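Subject: Structure for you to look at

Dear colleague,

I am handing over the structure we spoke about, and my notes on it follow below. Please read them with the structure open beside you.

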Amino acid sequence: STLAPQRRSRIMTLHSFMQAFVDFVNRDVGKFTNADLMSSFCDRILKTGGEKLSDEDVESFLEKTVQLFSYLVDKDLFSEIYKNQLAKRLLNQRSASDDHERLMISKLKARCGSQFTGKLLGFRLWVRLVVAILRRLALEACRAIGVVLCYREVEGRSVPRRFDPRR
């Protein structure tokens, strides 16, 4: 029948377009890899002081980035860059929303499986624990020497302000 060659031709054309798209997504842009660019885009969306986006916009951008990520060949490079940027956001308390951080990791988990995101989840929990311990140690050290720390809100973060009652 004449339908079989037409169908085969369409399939070949779709396959060619898909291969061209995969090649395009995996081509470096100047000195940056697309893994680096995608991770940096997510970082700008997820940290404070960046774009002021609604929850729906953040979710939409993250979904589109993860869709694009699924065509990326070097997913491990993306994971390494993303993990470093996540660490900086968490340690510097620059994460705009814990819910958005969890959303991104869950989207990656849905695409790549729990083995891919297991380290990210564990790392995220570990950093939060370390920050809490350091904060508690700082407060105890200040109490021991008679310095009172007052916390004030600056750009959505609790920032210590030193108050020494001995002065």
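I would start at Phe-21, which lies in helix α1. Please keep in mind throughout that this is a predicted model. With a relative accessibility of 34%, Phe-21 counts as partly exposed, because the buried class ends under 20% and the exposed class begins over 50%. Phe-21 also belongs to a nonpolar patch on the surface, which it makes together with Met-18, Phe-24 and Leu-68 and which covers about 370 Å². The main contributor to this patch is helix α1, spanning residues 3-25, which gives three residues to it.

For the chain as a whole, the secondary structure amounts to six helices and two strands, and these follow one another along the sequence in the pattern α-α-α-α-α-α-β-β. The chain has 167 residues, of which 26% count as buried, and its accessible surface is about 11500 Å², with 57% of that area belonging to carbon and sulfur atoms. Among contacts with a separation of 6 or more, 60% are between residues 24 or more positions apart.

A second residue to look at is His-100, which sits in helix α5, residues 98-112. Is His-100 buried or exposed? Its relative accessibility is 12%, and because the cut-off for buried is under 20%, His-100 is classed as buried. Once its neighbours within four places in sequence are set aside, His-100 is in contact with Leu-46, Asp-55, Val-58 and Leu-62. With one of these, Asp-55, there is a polar contact from side chain to side chain, at 3.1 Å.

Ahead of that helix, in the loop between α4 (75-91) and α5, you will find Gln-93. Although Gln-93 is not a glycine, its phi is positive, at about 50°, and its relative accessible area of 26% makes it partly exposed.

Finally, please look at helix α6, which runs over residues 114-145 and has 32 residues. From its first C-alpha to its last, α6 reaches 46 Å, which is close to the 46 Å expected at 1.5 Å a residue. Which residues of α6 are buried? They are Phe-116, Thr-117, Leu-120, Arg-124, Val-127, Val-131 and Cys-142. When you view such a list on the model, it helps to recall that an α-helix has 3.6 residues a turn, so residues three or four places apart point the same way.

With best wishes

Notes
Residues are numbered from 1 along each chain as its sequence is written. This is a predicted model: local features need pLDDT of at least 70, side-chain atom pairs count only at pLDDT 80 or more; totals for chains, interfaces and linings use all residues. Side-chain values use heavy atoms; hydrogens and water are left out. Helices (H or I, at least four residues) and strands (E, at least two) are DSSP runs, numbered from the N terminus. Buried means under 20% relative accessible area, exposed over 50%, partly exposed in between (1.4 Å probe, protein chains only). A polar contact is a pair of N or O atoms within 3.5 Å; within protein, one must be able to donate a hydrogen and the other to accept it, and residues adjacent in sequence count only if both atoms are side-chain atoms. Contact means heavy atoms within 4.5 Å. Patches are made of residues with over 30% relative accessible area and no salt bridge: like charges are joined within 9 Å, nonpolar side chains (Val, Leu, Ile, Met, Phe, Trp, Tyr) within 5 Å. Accessible areas come from the Shrake-Rupley method with a 1.4 Å probe; for residues, only the protein chains shown count as cover. A salt bridge is a side-chain nitrogen of Lys or Arg within 4 Å of a carboxyl oxygen of Asp or Glu. The expected span of a helix is 1.5 Å times one less than its number of residues.
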